[in-house]
Amino acid sequence: MIIVMKSDATKVDIEKVISTVKELGYKAHIIEGVLRTVIGAVGDERGKPHHLEAIGILSGVEKVVPILQPYKLASREFKSENTVVKVGNVEIGDNKVVIIAGPCSVENEEQIIETSKAVKEAGATVLRGGAYKPRTSPYSFQGLGEEGLRLLAQARKITGLPIVTEILDPHDLDVIAEYSDMLQIGARNAQNYALLRYVGRSNKPVLLKRGMSTTINEFLMAAEYILSEGNHNVVLCERGIRTFETATRNTFDLNAIPVLKEKTHLPVIADPSHGTGYWQYVTPMALAAIAAGADGLMIEVHYKPEIAQSDGGQSLKPSKFTALMERAKLVAKAVGREI
Ligand code: PEP
Ligand code: MN
């Protein structure tokens with residue numbers, strides 16, 4: 001349910017509604033808008049004899065409306081304005097298209113420092129790099145772990161770029177949170193509900209990637225797990241889905257961008273590197289994603305893709321990334337955005 005307060009509701013009225021929601025056994029999520037406060041009451045309704053509609057009689061309440069979508073807090077019904085998520089000093093979800101770039105994995109000092117300097121120079125504003133890698137084979141490079149985080153922090157010190165890096169295991173949350181600015185939940189963990197709840201209890205912004213076989217509805221329900229724990233700083237990332245097509249690594253679902261933008265207030269970004277799996281398709285799909293309304297891009301860039309330990313074939317060289325950025329600025333301008 002959404003409890004919409006009157007524009008002249010007092011602080012005391014709002015407090016009373018919040019305490020009543022809690023007494024009835026629901027969680028209260030408060031959104032303070034410019035004109036009025038809206039309170040989302042969400043939780044398990046089973047076994048609760050009291051109906052939230054009764055809150056409508058409290059002082060200062062304008063109306064109580066049900067949220068029809070199964071994802072409550074993620075829905076536009078709950079919050080009509082776009083959410084802006086802050087990562088370091090970068091804002092994702094406003095008019096600027098945010099470019100996140102960096103290698104698939106952090107491999108060594110020279111690689112991450114050289115690559116991060118190059119992406120910064122080209123105009124990226126967030127650095128990506130995996131220290132804990134979800135590899136298909138247990139015999140493949142698994143990431144440098146804490147050493148990788150340390151190298152990312154060193155790159156941040158040199159370039160000033162905030163860092164996003166993947167978390168695979170709840171046990172690593174403290175150490176990853178210590179070094180990074182944003183937690184990435186990868187495609188393989190998009191429906192790992194224990195991990196989603198865990199990051200939902202942290203105060204770090206979360207980049208949630210779409211699972212390779214999750215529907216848009218399931219993707220939004222995954223976001224709901226994080227939001228329902230109290231962490232409202234979630235950015236969604238379309239990264240391609242599994243289909244019958246084998247010419248590309250995944251089928252980049254461009255449709256998902258306008259569909260998600262309609263259904264949710266959360267920022268939506270696109271990852272055409274994993275979405276296509278081949279460096280030569282990354283730029284066209286990056287441009288298409290901006291035209292379709294994406295709030296940002298995540299692009300894999302490696303200073304020497306030919307010797308990358310993971311995803312070299314889909315990684316752009318710095319020169320190609322610079323060219324992408326130049327074209328991306330033109331597309332952004334054409335659709336009323338900027339980079
Ligand atoms: C990655 O970002 O390197 C990654 C593993 O992505 P995904 O989870 O989308 O496969
Ligand atoms: Mn990768």
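**Metal site**

I began with the manganese ion (ligand 2) and found that Cys-104 (SG), His-274 (NE2), Glu-300 (OE) and Asp-311 (OD) coordinate the ion at 2.1 to 2.4 Å. I keep in mind that this is a predicted model.

I then read the donors of the manganese ion (ligand 2) along the chain and noted their spacing as C-x169-H-x25-E-x10-D. Within this set I looked up the pair His-274 and Glu-300, which links distant parts of the chain: His-274 sits in helix 8 (residues 272-276) and Glu-300 in strand 14 (residues 296-300), 26 residues apart. I also checked whether these two are buried or exposed, and both His-274 and Glu-300 came out as buried.

**Largest pocket**

Next I turned to the largest pocket, which holds about 450 Å³ of space. I listed the 24 residues that line the pocket, and the closest to its centre are Ala-41, Val-42, Gly-43, Glu-45 and Lys-72.

I asked which elements give two or more residues to this lining, and found strand 2 (27-32), strand 3 (37-42) and helix 6 (216-228). Helix 6 provides the largest share of the lining, with four residues.

I sorted the lining residues of the largest pocket by character and wrote down eleven nonpolar, five polar and eight charged.

Last, I looked up where the largest pocket lies with respect to the domains: domain 1 (2-65) and domain 2 (85-334) both contribute residues to the lining, and therefore I place the pocket between them.

Definitions and conventions:
Residues are numbered from 1 along each chain as its sequence is written. Chains are lettered from A and ligands numbered from 1 in the order in which they are written. This is a predicted model: local features need pLDDT of at least 70, side-chain atom pairs count only at pLDDT 80 or more; totals for chains, interfaces and linings use all residues. Side-chain values use heavy atoms; hydrogens and water are left out. Donors are N, O and S atoms within 2.8 Å of the metal (3.2 Å for Na, K and Ca); water is not among the atoms, so sites may look incomplete. Buried means under 20% relative accessible area, exposed over 50%, partly exposed in between (1.4 Å probe, protein chains only). On a 1 Å grid over the protein atoms alone, a cavity is a set of points where a 1.4 Å probe fits but cannot get out, and a pocket is an open set with protein on both sides within 12 Å along at least five of seven lines; lining residues have an atom within 4 Å of a point. Grid points are joined across faces, edges and corners, and a volume is the space filled by probe spheres set on the points. Ala, Val, Leu, Ile, Met, Phe, Trp, Tyr, Cys and Pro count as nonpolar, Asp, Glu, Lys and Arg as charged, and the others, Gly among them, as polar. Domain bounds come from an automatic or database domain assignment.
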